[in-house]
Amino acid sequence: VSDIRELTDVMRHFSEERDWTQFHDPKSLALALVGEVGELAELLQWLPVTGIEDRVREAALNQRLGEELADVLLYLLRLADVLDVDLTAAADRKLQANAAKFPASTYRGKAPERS
Ligand SMILES: [Mg+2]
């Protein structure tokens with residue numbers, strides 16, 4: 001399983017095999033996604049900023065981060081599938097829009113300001 005469409009299909013099959021699609025309405029999936037983002041944030045929330053790049057590469061924490069990132073990805077894919085959103089195309093459009101909105105010549109090294 002190596003691309004977004006294939007992962008999406010595997011997730012759909014996983015859900016159908018367990019008759020879980022009945023629980024996969026957009027609201028429930030969005031909440032599940034937020035919950036997994038929370039689990040990811042929880043792993044990082046009290047780590048001191050100084051030295052964090054080394055800490056997140058320590059084996060045990062890095063494995064846990066990978067697990068929560070995977071949970072986030074899988075719920076994101078499932079939500080996009082239920083919403084009939086082509087996530088690859090949507091992400092591509094968004095990247096193009098961001099490139100136009102934040103030209104590198106203007107924003108290089110500068111954090112975007114809130115608008
Ligand atoms: Mg999780």
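**Figure 1. Protein donors of the magnesium ion in the predicted model.** Four acidic side chains supply the donor atoms: E36 (OE), E39 (OE), E68 (OE) and D71 (OD). These donors lie 2.1 to 2.2 Å from the magnesium ion. Along the chain, their spacing reads E-x2-E-x28-E-x2-D.

**Figure 2. The donors E68 and D71 on helix α4.** Both residues belong to helix α4 (residues 59-82), where they sit three residues apart, about one turn of the helix. An α-helix has 3.6 residues a turn, so residues three or four places apart point the same way. Which of the terms buried and partly exposed applies to E68, and which to D71? E68 is buried because its relative accessible area, 4%, falls under the 20% limit. D71 counts as partly exposed because its value of 28% lies between the limits of 20% and 50%.

**Figure 3. Surroundings of E68.** E68 is placed in helix α4. Its side chain makes a polar contact with the side chain of R64, at 2.9 Å. With neighbours within four places in sequence left aside, E68 is in contact with E36, E39, L40 and L43. Of these contact partners, E36 and E39 are also donors of the magnesium ion.

**Figure 4. The largest nonpolar core.** Five residues form this core: L40, L47, V56, L61 and L65. In soluble globular proteins, nonpolar side chains tend to be buried together. L47 touches the core members V56 and L61, and also I52 and R55, when residues up to four places away in sequence are not counted. L40, another core member, is among the contacts of E68.

**Figure 5. Helix α5 and its start.** Helix α5 covers residues 87-101, which is 15 residues. At 1.5 Å a residue the expected span is 21 Å, because the rule multiplies by one less than the number of residues. The end C-alpha atoms are 20 Å apart, which agrees. At the start of α5, a side-chain oxygen of D86 comes to within 3.2 Å of the backbone nitrogen of T88.

**Figure 6. The whole chain, for orientation.** The protein has six helices and zero strands, in the order α-α-α-α-α-α along the sequence. Its radius of gyration is 17 Å, whereas a compact globule of 115 residues would have one near 13 Å. The C-alpha trace spans about 50 × 40 × 25 Å along its principal axes. Buried residues account for 17% of the 115 residues. Of the contacts between residues at least 6 apart in sequence, 65% join residues at least 24 apart.

Note on methods:
Residues numbered from 1 in each chain as written. Predicted model: local features only at pLDDT ≥ 70, side-chain atom pairs only at ≥ 80, totals over all residues. Heavy atoms only, no water. Core = buried A, V, L, I, M, F, W, Y, C linked by side-chain atoms within 4.5 Å. Buried < 20%, exposed > 50% of the residue type's maximum accessible area, 1.4 Å probe, protein only. Contact = heavy atoms within 4.5 Å. Donors = N, O, S within 2.8 Å, 3.2 Å for Na, K, Ca; no water. Helix = DSSP H or I, 4+ residues; strand = E, 2+ residues; numbered from the N terminus. Polar contact = N/O pair within 3.5 Å; in protein donor to acceptor, adjacent residues only side chain to side chain. Rg over C-alpha atoms; globule rule 2.2 N^0.38 Å.
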